[in-house]
Amino acid sequence: MNVKRKALFFNLICFGLLFVLVKTIIGTLIPMSYIPLIAFSVLLASVFSPKFLVNKGKLYIKIPLIKEPREL
């Protein structure tokens with residue numbers, strides 16, 4: 001598999017898992033309607049999901065709240 005495709009795949013998987021986790025936790029703790037729940041979950045998942053980057057054929061991970069990306 002191409003390194004760029006791996007990065008895209010990992011980004012989608014991490015975002016999706018974090019989105020479902022945040023939506024479930026917030027939905028059980030705070031009663032709110034469906035649209036604000038989804039919007040708030042998307043916002044939190046996009047901010048706190050790790051980002052996978054490709055630089056010169058190498059795969060890096062950028063973890064939120066840590067300044068430098070780490071090579072995988």
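What percentage of the 72 residues of the chain count as buried? In this predicted model, the share is 17%. The chain exposes about 5,500 Å². Carbon and sulfur atoms supply 71% of that area.

The chain contains two helices and three strands. Read from the N terminus, the order of elements is α-α-β-β-β. The radius of gyration is 15 Å, well over the 11 Å that the globule rule gives for 72 residues, so the chain is more spread out than a compact globule. The C-alpha trace spans about 45 × 25 × 15 Å along its principal axes. Contacts were also examined by sequence separation. Among those between residues at least 6 apart in sequence, 35% join residues at least 24 apart. One pair illustrates the extent of the chain in space. Pro-69 and Ile-35 are separated by 34 residues in sequence, and their C-alpha atoms lie 33 Å apart.

The helical part comprises α1 (3–29) and α2 (34–48), with a loop between them. Met-32 sits in this loop. With a relative accessibility of 35%, Met-32 counts as partly exposed, since the partly exposed class runs between 20% and 50%. Met-32 also contributes to a nonpolar surface patch of about 470 Å². The other members of the patch are Leu-21, Ile-25, Leu-29 and Ile-30.

Ser-41 belongs to helix α2. Is Ser-41 buried or exposed? Its relative accessible area is 0%, so Ser-41 is buried. Setting aside residues up to four places away in sequence, Ser-41 touches Phe-19, Val-22 and Lys-23. These three partners can be placed by their numbers within α1 (3–29).

A second serine, Ser-49, occupies the loop between α2 and β1. Ser-49 has a relative accessible area of 5% and is therefore buried; the cut-off for burial is under 20%. Beyond its neighbours within four places in sequence, Ser-49 is in contact with Phe-15, Leu-18 and Pro-64.

The three strands form an open sheet. Their order is β1-β2-β3, and the pairing is antiparallel. β1 (51–55) and β3 (70–71) stand at the edges with a single partner strand each, so one side of each has no neighbour in the sheet. β1 pairs with strand β2 (residues 58–62) over five bridges, in the antiparallel sense. Two facing pairs set the register of these strands. Phe-52 stands opposite Ile-61 in β2. Val-54 stands opposite Leu-59 in β2. In a regular strand, side chains alternate between the two faces of the sheet.

β1 and β2 form a hairpin, with two residues between them. Lys-56 lies in the loop that links these strands. Its phi is near 55°, a positive value in a residue other than glycine. Is Lys-56 buried or exposed? Lys-56 is exposed, as its relative accessible area is 80%.

The loop between β2 and β3 holds a further residue with positive phi, Leu-65. Here phi is about 70°, although Leu-65 is not a glycine. The relative accessible area of Leu-65 is 82%, so this residue is exposed.

Pro-69 is found in the loop between β2 and β3 as well. At 41% relative accessibility, Pro-69 counts as partly exposed. Which residues does Pro-69 touch, not counting those up to four places away in sequence? The contacts are with Leu-53, Tyr-60, Ile-61 and Lys-62. Of these, Ile-61 is the residue that faces Phe-52 across the β1 and β2 pairing.

Notes. Residues are numbered from 1 along each chain as its sequence is written. Side-chain values use heavy atoms; hydrogens and water are left out. Helices (H or I, at least four residues) and strands (E, at least two) are DSSP runs, numbered from the N terminus. The radius of gyration is taken over C-alpha atoms; the globule rule is 2.2 Å times the number of residues to the power 0.38. Buried means under 20% relative accessible area, exposed over 50%, partly exposed in between (1.4 Å probe, protein chains only). Contact means heavy atoms within 4.5 Å. Accessible areas come from the Shrake-Rupley method with a 1.4 Å probe; for residues, only the protein chains shown count as cover. Patches are made of residues with over 30% relative accessible area and no salt bridge: like charges are joined within 9 Å, nonpolar side chains (Val, Leu, Ile, Met, Phe, Trp, Tyr) within 5 Å. A salt bridge is a side-chain nitrogen of Lys or Arg within 4 Å of a carboxyl oxygen of Asp or Glu. Two strands pair if DSSP finds at least two bridges between them.
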